[in-house]
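Colleague: I would like to learn how to read a model of this kind step by step, beginning with the ligands and ending with the overall fold. Could we go through it together?

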Amino acid sequence: MTEKVAVLGAGSWGSVLANLLVENGHTVELWSRDQEQVDRLNQEHVNPAYMKNFTYSSKLHVTTDMKATLKGADVILIVIPTKGIRQVARKLNAVLAELDQQSLIVHATKGLEQNTYKRPSEMLKEEIDPKYRRDIVVLSGPSHAESVAIKDMTAVTAACANLADAEKVQKLFSNSYFRVYTNDDVIGAEFGAALKNIIAIGAGALQGLGYHDNARAALITRGLAEIRRLGVAFGANPMTFIGLSGVGDLVVTATSKNSRNWRAGYQLGQGQQLDDVINNMGMVIEGVYTTKAAYELSKKRQVPMPITDALYRVLYEGEDIKTAISQLMSRDLTSEME
Ligand SMILES: NC(=O)C1=CN([C@@H]2O[C@H](COP(=O)(O)OP(=O)(O)OC[C@H]3O[C@@H](n4cnc5c(N)ncnc54)[C@H](OP(=O)(O)O)[C@@H]3O)[C@@H](O)[C@H]2O)C=CC1
Ligand SMILES: O=C(CO)COP(=O)(O)O
């Protein structure tokens with residue numbers, strides 16, 4: 001069935017997902033706050049700041065007018081970095097109130113809010129009046145925008161406590177190269193999505209320093225152990241972490257040059273300064289901020305996260321990466337199952 005879908009956020013992931021939905025036959029309105037970007041997308045079908053060498057469908061319509069974007073939309077997809085999602089949700093709520101419209105909300109954001117440690121769906125629930133929304137569905141999993149753009153075979157998950165809403169999103173997005181599963185564990189899906197970016201920075205740093213396959217595998221495996229530990233402390237289903245939004249996303253992000261987080265880590269491992277890495281990326285590196293949020297949250301909850309601790313000291317206290325690695329390797333020996 002053809003739906004009208006509003007997509008908020010025209011960065012690399014929002015724009016590619018909007019394009020996929022157009023290819024799936026839906027009517028899509030993409031919202032951006034940047035008029036110049038809107039003009040280039042509508043007229044030349046390009047988005048060079050975020051997706052180099054990619055041409056979008058001429059059927060994709062882009063605007064800075066949020067009211068026009070949302071009007072009549074059955075589904076609203078939010079793909080805004082964690083830092084901006086609350087602000088956009090407030091605006092979204094005001095426009096939905098003006099339109100007196102209720103829609104299904106989907107988000108694809110991967111992070112935790114600074115200071116509150118809230119997950120994206122928690123922020124959305126706080127900012128959008130239940131009168132104007134149905135449930136909130138999390139779209140997550142191993143899916144670099146660059147790979148989806150070239151139609152690489154991709155599998156992700158739609159997580160929602162309400163299975164019917166998860167299935168609606170599953171049908172909306174699925175096609176011959178993009179296969180969507182469902183999951184009812186929103187907490188696990190969001191923790192997996194947010195925390196894997198920390199490990200991806202670490203994996204990039206190891207590569208930048210010249211470490212090899214064993215080091216990468218050790219980091220991914222022990223990274224997953226601490227991701228699961230924190231998620232389970234907040235009520236996540238441990239099985240979610242061996243699924244697409246857990247190990248799946250961790251593997252793709254911690255092994256690929258397409259990952260912004262991996263690339264940031266690689267540059268740090270090569271000796272670049274964090275401020276330069278952030279300024280030169282031109283796209284969000286969620287893991288830098290999630291490291292701080294997860295570090296503070298793990299201390300508050302007394303959940304051991306040694307890799308996150310080590311990266312926190314590197315990113316926020318100026319510790320040398322090699323010192324952090326040597327500290328990690330010289331901790332008291334322990335059981336794998338702790
Ligand atoms: N890129 C990917 O492959 C994937 C990304 N994700 C997740 O999706 C989210 C978005 O990532 P991604 O698309 O890569 O990010 P990008 O950095 O590529 O783009 C971010 C977009 O959000 C817009 N934006 C940021 N803040 C605001 C705000 N306050 N109000 C309005 N618009 C805003 C930016 O607009 P402007 O240009 O005006 O700053 C830009 O269009 C992240 O949480 C990321 O982890 C998930 C899966 C895959
Ligand atoms: O989440 C992603 C892939 O699933 C994208 O990761 P990066 O933000 O590191 O590029």
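**Reading the ligand sites and the core**

Modeller: Let us begin with ligand 2, keeping in mind that this is a predicted model. Domain 1 (4–184) and domain 2 (195–329) both contribute residues to the shell around ligand 2, so ligand 2 lies between them.

Colleague: Which residues come nearest to ligand 2, and which element gives the largest share of its shell?

Modeller: Of the 13 residues around ligand 2, the nearest are Ser 143, Thr 253, Ser 259, Arg 260 and Asn 261. Two or more residues come from each of α8, α10 (244–254) and α11 (260–269), with α10 giving the largest share, three residues. Sorted by class, the shell around ligand 2 holds three nonpolar, six polar and four charged residues.

Colleague: How many residues surround ligand 1, and which are the closest?

Modeller: Ligand 1 is surrounded by 27 residues, of which Gly 11, Trp 13, Gly 84, Lys 110 and Ala 145 are the closest. The elements that supply two or more residues to this shell are α1 (12–23) and α4 (82–99), and the largest share, four residues, belongs to α4. The shell around ligand 1 also takes at least three residues from each of domain 1 (4–184) and domain 2 (195–329), and by class it has 11 nonpolar, 12 polar and four charged residues.

Colleague: Turning to the interior, how should I read a nonpolar core?

Modeller: The general idea is that, in soluble globular proteins, nonpolar side chains tend to be buried together. Here the largest nonpolar core has 105 residues, and those with the most contacts inside it are Val 7, Leu 8, Leu 17, Leu 77 and Val 137. Helix α8 (residues 186–209) provides the largest share of this core, 14 residues, while domain 1 (4–184) and domain 2 (195–329) each give the core at least three.

Colleague: Which residues does Leu 8 touch, leaving aside those up to four places away in sequence?

Modeller: With those sequence neighbours left out, Leu 8 touches Trp 31, Ile 76, Ile 78, Val 79, Ile 80, Val 88 and Leu 92.

Colleague: And what is the radius of gyration of the chain?

Modeller: The chain has a radius of gyration of 20 Å, which agrees with the value near 20 Å for a compact globule with 338 residues. Its C-alpha atoms fill a box of roughly 60 × 40 × 35 Å along the principal axes, and 51% of the 338 residues are buried. The chain has 15 helices and eight strands, and among contacts between residues at least 6 apart in sequence, 72% join residues at least 24 apart.

How values were computed:
Residues numbered from 1 in each chain as written. Chains lettered and ligands numbered in written order. Predicted model: local features only at pLDDT ≥ 70, side-chain atom pairs only at ≥ 80, totals over all residues. Core = buried A, V, L, I, M, F, W, Y, C linked by C-beta atoms within 7 Å. Buried ≥ 20, exposed ≤ 12 C-beta atoms within 10 Å, placed from the backbone. Domains from an automatic or database assignment. Contact = placed C-beta atoms within 7 Å. Near = placed C-beta within 6 Å. Nonpolar A, V, L, I, M, F, W, Y, C, P; charged D, E, K, R; others polar. Rg over C-alpha atoms; globule rule 2.2 N^0.38 Å.
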